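Reader: I've got a model open and want to practise reading it feature by feature. Can we go through it together?

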Amino acid sequence: MLKNKNMSLSPYTGMTREHWKEAALYLLEGAFSYVKSPEDPLNFPKQPGKSYPRTPSQEPVARLEALCRTMFLAGPLLKEDPELRVNGILLGDYYRRQLELMLQPGTPVYVPMNPPKKNGGQRLVELGGLALSFMMAPEIFWNPLSQEVKDSLAVRMLSYGEGGTYECNWRFFNVNIMSFFLSQGYHTDKAYLEELLQILLAAYRGDGWYHDNPLFDYYSMWAFQMYGSLWSEKFGKKYYPDYARQFMEHFREIPENYPYMFARDGKMIMWGRSITYRMGASVPLALTGMLEDPDINYGWMRRIASSTILQFLQHPDFLEDRIPTLGFYGAFEPAIQGYSCRGSVFWMGKLFLALYLPADNPFWNAVENEGAWTDFEKDKVYCKYAEDAHILVTDYPNIGASELRSTTSHSSSNYHCVENYNRLSYNSEFPWQADGKNGEVAMSYVVKNKEGKWEPLRNYSFKKYEDGFYCREAWLESDEAVYFQLAELPLPDGILRIDKVSSPSPVEVRMGHYALPEKQGKIRESVIRLDGKETYVIDNGIYRLGMTTWEGWKQMEFVHAEGLHPDSRNSVVIDASDRCEGEKVYITLQLWSKSGSKDDDAWNPVSKICFDKSRKQFEVVLKDGNVKRLKW
């Protein structure tokens, strides 16, 4: 429970900088409940499932993750109070002792030398984060070390920093390591450093988005934008001013675009891999305080960032064993990648790097507000399109929801092909539900493949964004002859889908609305008629979802699921199904409203849908008189 709320400075969350410090300390207290002395590693219980460590050899790396990532939380607190104790442990002494133990063979956190030019793997990630903590708080983590330890750390960490890396945000880990030690007078490979900086800058696609190869997700924000801006402030402006200028130019585009991806109440969308990092996604909004730009609405930036903290810290399932679960709200196996361990979650501590901003920074002192949401009109829909990234962000004033659409194309052999990426859209109010073995599907298509299994769409290609329609094509990985042309039109209270499916042989196809979790007793199910069309409706006491099939679908049904939703054990989704052969058009209206707040007569905004054969285009006539046209 949040205590001593400041409703004059923060009328929406009540949170101030002091509350942020309390939240950081709260997370650290849970982590350090596993530590009895400065010699003890941060050794957390493994969550059952696919996460690591799966073998004894992985245990030192898991401990290293916990050590380096909790430093994101500890650094700002120690900078203000170097004598801070957590659960009786003198925090600064603990981290400095663990840095010494990293160099000693046989200790629980020992880090071996990295072979020349080899990719340092997960250790590279963590040492890149450690280098950032050195940059941000050298007087805590670096300066007090003996010269012998400093020199040994330099040799050890540079063996990783100057080694191989992956062709994605990982390059920043190498950059951070080389940059810090260069700033301390150590010799490093400047040519390699500059090469990586140029490649990282070339990944920028405008509107705040970096391409993380192979796709877009929150790594644009909690890696590219965060590391790029802090590197520029702490190192780049002095040593590489031209690169720093470019990173900061990209960073300045954040306030114009990224805040729209958060709901009116500040909630973030569940989207992309590593979603277990949760609130870390809002770190660029907080770090805009470095710009001290009077044109930035800092009250909105802090309202969002504080809200994402509360979104998780106030959820009853967030903690287990006193540390955050691997999942979104609680533990949720479908959202987890095998590279994560219990310590991985403290990547969310990146948000608390904002505490390095001094107390008089405008980020902390602007009055909270709702930003653009105060200008949005009821019964309208607002879209922001990132042209080069092909990302569409939609805001729905009627329920205060934000929604995202992007394009991905990947094989089932990697973790980019699953529900983290392959939903048709992602909504702040309706977290994605995992697919079930029996064809249970939410906000996506599944097709029964030749092996008799329900296979989701994994391969999407962007086509165009035109007259409000976001258009993609997709194909079945196991049978590319099963081909989809997808078009969706955001409406004030939902989505109109006009999709065409092509298959040379008969296939069973299913498509679902968003799913609702069971929150206030059993979910109510009903069938009503909207303008003469049968509409299936579910209501969980918070939201009501309705789905109308205008054309193509054979039937709809209420589908109950267990263990597939991130916010409740039980959930319900409305699915449509059909058997398709040749070419067939499916027109579907997916609606939502707050529970008990919508007049059914006004819920459906569509008057009629016509197909103009001569122009080979659809015309959608809305009840407000607007006409939208779609041509595949």
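Reader: Let's take helix crossings. How does H8 pass H10, left-handed or right-handed?

Author: A crossing is left-handed if the near helix is turned anticlockwise from the far one by less than a right angle, and right-handed if clockwise. Here H8 passes H10 in a left-handed crossing. Helices (H or I, at least four residues) and strands (E, at least two) are DSSP runs, numbered from the N terminus. One caution: this is a predicted model, where local features need pLDDT of at least 70 and side-chain atom pairs count only at pLDDT 80 or more, while totals for chains, interfaces and linings use all residues. Residues are numbered from 1 along each chain as its sequence is written, and side-chain values use heavy atoms, with hydrogens and water left out.

Reader: What else do I need to describe a packed pair?

Author: Two packed helices are described by the angle between their axes and the distance between the axes. Axes are lines fitted to C-alpha atoms, for helices over the stretch in contact, and angles run from 0 to 180 degrees between N-to-C directions. The axes of H8 and H10 (residues 241–251) cross at roughly 25 degrees and come within 11 Å. Angles under 35 degrees count as roughly parallel, over 145 as roughly antiparallel, 65 to 115 as roughly perpendicular and the rest as oblique, so H8 and H10 are roughly parallel to each other.

Reader: Which residues of H8 and H10 make the contact?

Author: Contact means heavy atoms within 4.5 Å. From H8 come Glu 194, Leu 197, Gln 198, Leu 200 and Leu 201, and from H10 come Tyr 243, Gln 246, Phe 247 and His 250. For the chemistry, Ala, Val, Leu, Ile, Met, Phe, Trp, Tyr, Cys and Pro count as nonpolar, Asp, Glu, Lys and Arg as charged, and the others, Gly among them, as polar. The contact of H8 with H10 then splits into five nonpolar residues, three polar and one charged.

Reader: And how do H2 and H4 pack, at what angle and how far apart?

Author: H2 (residues 59–80) and H4 (residues 121–136) pack at about 15 degrees, with axes 9 Å apart, and their crossing is left-handed. Among the contact residues are Leu 64, Cys 68 and Phe 72 of H2, and Val 125, Gly 129 and Leu 132 of H4. That contact holds 10 nonpolar, three polar and five charged residues.

Reader: Now the loop after H8. What stands out about the phi of Asn 213?

Author: Asn 213 has a positive phi of about 45 degrees although it is not a glycine, and sits in the loop between H8 (190–202) and H9 (219–239). Buried means under 20% relative accessible area, exposed over 50%, partly exposed in between (1.4 Å probe, protein chains only). With 41%, Asn 213 is partly exposed. Pro 214 is in that loop between H8 and H9 too, partly exposed at 31%. Pro 214 and Thr 408 lie 194 residues apart in sequence, yet 8.2 Å apart in space, C-alpha to C-alpha.

Reader: Is Gln 433 buried or exposed?

Author: Gln 433 has 1% relative accessibility, so it counts as buried. It lies in the loop between strands E8 (426–427) and E9 (445–448). A polar contact is a pair of N or O atoms within 3.5 Å; within protein, one must be able to donate a hydrogen and the other to accept it, and residues adjacent in sequence count only if both atoms are side-chain atoms. The side chains of Gln 433 and Ser 571 make one of 2.6 Å.
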